[in-house]
Amino acid sequence: MTTPFAPPSHRVLTDCVRSATTAPSLHNSQPWRFRIEPPAVEVYADPDRRLPVTDPDGREQLISVGAAVFTLRLAIRRAGYQVRCELLPDSDEPSLAARVTAGRPAAVDATTEALAAAIPYRHTNRWPFARVAVPAGAIEKLRDAAEREGAVLTVADPAGRDAILGLARAADQRLRERDDYAAEISRWTGRAARHDGVPAWAYGPGDALGVMPVRDGAGTLAVARAPVAFEPHPTVLVLATDGDTAADRLCAGQALQRVLLTATWLGLAATPISQPVEVPEIRALLTRRPAQMVLRIGYGGVAGHTPRRPVNRVLLDEPPG
Ligand SMILES: Cc1cc2nc3c(=O)[nH]c(=O)nc-3n(C[C@H](O)[C@H](O)[C@H](O)COP(=O)(O)O)c2cc1C
């Protein structure tokens, strides 16, 4: 006989959804919606928040949604419940990315505590990092974080790093040549009093050495900052998956967020560099497995909170029609 137990309340799950909305997303597009039906929360990809020029097949949208799914799982676990996650549970409803269900009450382990504590402090940092090597032990922890979510994180050796950054610069140029790219970036950049998009202050300076392809609003920012020299030997990581299905992309997003929260826990700053995975011919050159994201990590200054939509704007009463 199983002992009855009380599932988390609607209010607890709403708090968990609020945490999930702090996840990173392409240009802070926040392409997700949630439906709470205790003990489960359904996570939907929002087709109106895909960036069709930068992300024509919605791969990065699924990575963003996957990052929110990981954060939701973590928040429910941190609230003291076991958690079960089914990816793409309904073949008739492809926008339903995941159903995350709270189970029995369970003690919270130290890793969950530490990763959950990092959630509010994880920010994208587009500024130069210290010229200090990232210790091998820290890299090992990041690799382990990716592996636990079914992805593979590799650190580039010096020659690989230079090659990847060269490909990223080439990809950045190719993207700028796409029709409507600047207009699309502009729609998600720099305007004040918004609950989404990347505010102008979140963009760092350009790299005076011309090495780092940090995103800069594709020239749409009203004020360009004077370039400064970035660290000349950045630590560059590539996140990859075995396949490239929708489920693989959701896994990549979960792994990305686990890696980023682990980095935050370790005091490391990070910048996703997605231009090289946005140009298919260049993406194919990055790794043998399908590459999902390039990351730069290091020791950086404080980066601020970018805005998020209030939780009531992302909650659905009914499944989307
Ligand atoms: C799929 C994906 C791709 C991203 N690509 C880039 C990128 O190429 N350059 C960059 O500076 N930030 C990139 N980001 C970071 C987002 O811009 C960032 O998560 C968003 O603006 C919210 O800010 P936050 O991470 O500080 O919360 C990416 C994030 C995701 C999830």
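**Around the ligand: a short walk through the model**

Let me begin at the ligand, where a polar side-chain atom of R215 comes to 2.9 Å from one of the ligand's oxygen atoms. Please keep in mind throughout that this is a predicted model. Two further side chains make contacts of this kind: S274 places a polar side-chain atom 2.8 Å from a nitrogen atom of the ligand, and T306 places one 3.0 Å from an oxygen atom. Of the 620 Å² that the ligand would expose if taken alone, the protein buries 98%.

The space that the ligand takes up is the largest pocket, and the elements that contribute two or more residues to the shell around the ligand are α2, spanning 59-78, and β7, spanning 269-273. In total, 22 residues surround the ligand, and the closest of them are R122, T124, R126, S274 and R308. By character, that shell divides into seven nonpolar, ten polar and five charged residues.

Where, then, does the ligand lie with respect to domain 1 and domain 2? Because domain 1 (10-120) and domain 2 (136-298) both give residues to the shell, the ligand lies between them.

Let me close with two details of the backbone, for which a word of background may help: most residues other than glycine have a negative phi, and most peptide bonds are trans. In this model, however, P38 and P39 are joined by a cis peptide bond, with omega at about 5°, and P39 is found in the loop that runs between β1 (32-37) and β2 (40-45). N28, which is not a glycine, has a positive phi near 55°, and N28 lies in the loop between α1 (10-20) and β1.

Definitions and conventions:
Residues are numbered from 1 along each chain as its sequence is written. This is a predicted model: local features need pLDDT of at least 70, side-chain atom pairs count only at pLDDT 80 or more; totals for chains, interfaces and linings use all residues. Side-chain values use heavy atoms; hydrogens and water are left out. A residue is near a molecule or strand if one of its heavy atoms lies within 4 Å of it. A polar contact is a pair of N or O atoms within 3.5 Å; within protein, one must be able to donate a hydrogen and the other to accept it, and residues adjacent in sequence count only if both atoms are side-chain atoms. Accessible areas come from the Shrake-Rupley method with a 1.4 Å probe; for residues, only the protein chains shown count as cover. On a 1 Å grid over the protein atoms alone, a cavity is a set of points where a 1.4 Å probe fits but cannot get out, and a pocket is an open set with protein on both sides within 12 Å along at least five of seven lines; lining residues have an atom within 4 Å of a point. A molecule sits in a cavity or pocket if more than half of its atoms lie within 2 Å of its grid points. Helices (H or I, at least four residues) and strands (E, at least two) are DSSP runs, numbered from the N terminus. Ala, Val, Leu, Ile, Met, Phe, Trp, Tyr, Cys and Pro count as nonpolar, Asp, Glu, Lys and Arg as charged, and the others, Gly among them, as polar. Domain bounds come from an automatic or database domain assignment.
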